[in-house]
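Dear colleague,

I am handing over the structure below, together with some notes on what was found in it. Please keep it open beside this message as you read.

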Amino acid sequence: NKLPPSPTKLPIIGNLHQLGSLPHRSLHKLSKKYGPLMLLHFGSKPVIVASSVEAAHDIMKTHDLVCSSRPKSSMADRLFYGSKDVGFSPYGEYWRQIKSIVVLHLLSNKRVRSYRDIREEETSNMIEKIRQECVSSNSVIDLRDHFCFMTGNIISRVALGRIYNKRESGIDTKNILAEFLHLLGTFNVGDFIPWLEWVNKITGLDTKVEKVAKKLDTFLESVIEEHIIRHNKEEYSTGEAKDFVDVLLEIQNGKETGFLLQRDSLKAILLDIFAAGTDTTYSTLEWIMAELLRHPRAMETLQNEVRGLAQGKTEITEDDLGSMHYLKAVIKETLRLHPPGPLLIPRESTEDIKLLGYQIPAKTRVIINAWTIGRDPLSWENPEDYRPERFLNSDTDFKGLNFELIPFGAGRRGCPGTAFAVVINELALARLMHKFNFSLPEGLKPEDLDMTENNGITIHRKSPLLAVATPCSTYY
Ligand code: HEM
């Protein structure tokens with residue numbers, strides 16, 4: 001019964017004090033001392049941390065079935081109608097049903113393709129807004145703001161059919177969703193030290209969660225009702241791209257899937273799309289631009305590729321992306337160094353298993369440090385260097401087959417939104433490179449750009465990315 005090596009733990013809190021504000025970095029340091037599979041305790045709960053390609057492979061491939069559940073999270077329970085969403089729902093028949101709805105009906109390649117017009121429109125809008133901003137003020141631009149706005153608009157139109165903002169619907173969706181994501185990333189002491197659950201009442205966390213959950217529910221109910229009224233009134237034209245609410249309402253009666261989708265499940269799935277899709281996608285774009293600003297040669301190579309392939313065109317479309325190999329390499333290299341969810345989403349084992357020769361009991365929380373794996377010198381030459389070229393003429397991809405590059409996870413629990421997120425990033429990046437030259441604000445050298453990370457459920461840059469954008473006259 002050999003257990004993995006463990007750092008010393010303290011009474012009651014176990015190893016929680018060793019997590020720090022950026023757990024992926026603290027766990028990375030611990031793994032240097034304790035090896036690719038460590039056993040820790042978060043309060044009273046056993047947790048294993050995998051930090052090597054081999055350990056990740058054993059968990060997400062060899063033992064994927066046994067490691068495919070999720071640990072209970074009281075925050076997810078309260079925000080996702082009893083964890084009825086895909087991301088937090090425990091492994092079992094219910095999860096299998098809703099995951100297959102999401103994979104086959106909401107995020108299939110065909111469905112993702114059907115939202116092409118929305119992506120092209122919203123990226124065009126972003127480009128135009130940046131252009132106006134630099135013409136009118138000639139000032140430094142907050143790229144995060146633009147990326148966040150564009151991604152939010154795309155996801156809102158795809159999932160809910162339109163953009164809901166305070167002016168039109170009286171509901172400040174942007175703020176509610178920000179609060180919701182913040183709460184989801186909040187550390188909940190009661191999950192690890194159950195007798196301290198009462199602390200959340202004193203700190204006001206419980207009341208806050210209830211308030212946000214109520215506001216979200218009211219909003220989602222109004223969106224669904226709006227759709228039902230529309231369904232009753234009019235027929236959809238066959239060519240029209242249906243939004244996720246339309247698709248889920250069609251599935252609800254079980255005619256297509258043989259599975260009855262309750263109203264709470266429908267709302268939880270919609271929330272999942274926002275929780276899992278928005279922050280991760282725009283944070284990736286922000287990290288990409290930050291790395292390009294730090295590496296002007298890579299930016300120049302990318303611009304040459306994009307502008308070369310776009311010759312004679314005023315606008316890049318999704319048809320052009322297939323031949324942009326350097327662009328794809330830039331995205332991979334950025335996700336290798338900055339996976340937005342560096343520890344993926346925690347899993348839980350459902351049976352006793354053996355991993356790397358160690359015995360792991362059932363009901364152990366399983367954490368995979370994708371951040372560490374992406375900089376493992378055994379897999380990557382000079383891992384700390386930003387070098388997109390490493391992916392040219394290489395088959396390594398992030399689709400879950402190469403365990404050295406797992407920003408989207410892998411196996412049964414892998415991210416179903418990969419294609420959806422990647423095409424947004426590819427199109428936005430290609431259009432930015434086509435239309436603008438970018439530089440850092442005056443006086444800031446590339447090597448001085450602050451790359452500090454913020455903590456939370458998604459890892460963003462701590463400070464918003466500011467840059468000077470100059471419209472490139474040849475391409476306007
Ligand atoms: C760059 C963008 C994104 C990244 C880096 C990302 C990453 C991840 C990761 C690491 C997981 C957990 C995988 C695991 O446990 O093995 C995950 C799960 C998930 N993602 Fe994504 N994601 C992204 C975008 C999206 C988008 C756009 C959507 C939906 C529109 C989405 C929907 C989901 C869902 C529903 C799950 C839960 C899957 C399950 O538990 O079975 N993601 N994602």
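In this predicted model, the axes of α13 and helix α15, which spans residues 325-337, come within 9 Å and cross at roughly 105 degrees. Because an angle of 65 to 115 degrees counts as roughly perpendicular, α13 is roughly perpendicular to α15. On the side of α13 the contact is made by T284, W287, I288 and E291, and on the side of α15 by V330, I331, T334 and L335. Sorted by class, the contact of α13 with α15 has five nonpolar, two polar and one charged residues.

Helix α13 also packs against helix α7 (residues 143-160), with the two axes coming within 9 Å and crossing at roughly 150 degrees. Since an angle over 145 degrees counts as roughly antiparallel, that is how α7 stands to α13. The crossing in which α7 passes α13 is right-handed. From α7 the residues L143, R144, F147, C148, T151, G152, I155 and A159 take part, and they meet L270, I273, F274, G277, T278, T281, Y282, L285, E286 and M289 in α13. The residues of this contact of α7 with α13 divide into 11 nonpolar, five polar and two charged.

The ligand brings α13 into view once more. It is surrounded by 27 residues, of which the closest are A276, G277, G409, C415 and G417. Two or more residues of the shell are given by each of α4 (93-106), α13 (263-294) and α17 (418-435), and the largest share, seven residues, comes from α13. By class, the shell around the ligand has 15 nonpolar, nine polar and three charged residues. It may help to look at G277 in particular, which is among the residues closest to the ligand and is also listed on the α13 side of the contact with α7.

A further helix pair is formed by α9 (residues 173-184) and α11 (residues 205-233), which pack at an angle of about 135 degrees with their axes 10 Å apart. The two helices are therefore oblique to each other, and α9 passes α11 in a left-handed crossing. In this contact T173, I176, E179, F180 and L183 of α9 meet K208, V209, V212, K215, L216 and F219 of α11. The residues of the contact of α9 with α11 divide into seven nonpolar, one polar and three charged.

Turning to the strands, there is an open sheet of four strands in the order β1-β2-β7-β4, and its pairing is mixed. At the edges stand β1 and β4 (347-348), each with a single partner strand, so that one side of each is left without a neighbour in the sheet. Strand β1 (residues 37-42) runs antiparallel to strand β2 (residues 45-50), and six bridges join them; within this pair, M38 has V49 of β2 as its bridge partner. The two strands form a hairpin with two residues between them, and in the turn G43 has a positive phi of about 60 degrees. On to the next pair, β2 and strand β7 (residues 365-368) are paired in the parallel sense over four bridges, and here the bridge partner of V49 in β7 is I367. V49 can thus be followed across the sheet, as the bridge partner of M38 and of I367.

A second open sheet consists of three strands in the order β3-β9-β8, with antiparallel pairing. Its edge strands are β3 (141-142) and β8 (436-439), each of which pairs on one side only. Between β3 and strand β9 (residues 466-471) the antiparallel pairing extends over two bridges, and I141 has A467 of β9 as its bridge partner. Helix α6 (residues 116-137) lies across β3, β8 and β9, and it runs at about 90 degrees to β9.

If you want a place to begin, I would suggest α13, which contacts α15 and α7 and gives the largest share of the shell around the ligand.

With best wishes

Key: Residues numbered from 1 in each chain as written. Predicted model: local features only at pLDDT ≥ 70, side-chain atom pairs only at ≥ 80, totals over all residues. Pairing = 2+ DSSP bridges. Axes fitted to C-alpha atoms, helices over the stretch in contact; angles between N-to-C directions. Parallel < 35°, antiparallel > 145°, perpendicular 65-115°, else oblique. Left-handed = near helix turned anticlockwise from the far one by under 90°. Contact = placed C-beta atoms within 7 Å. Nonpolar A, V, L, I, M, F, W, Y, C, P; charged D, E, K, R; others polar. Near = placed C-beta within 6 Å.
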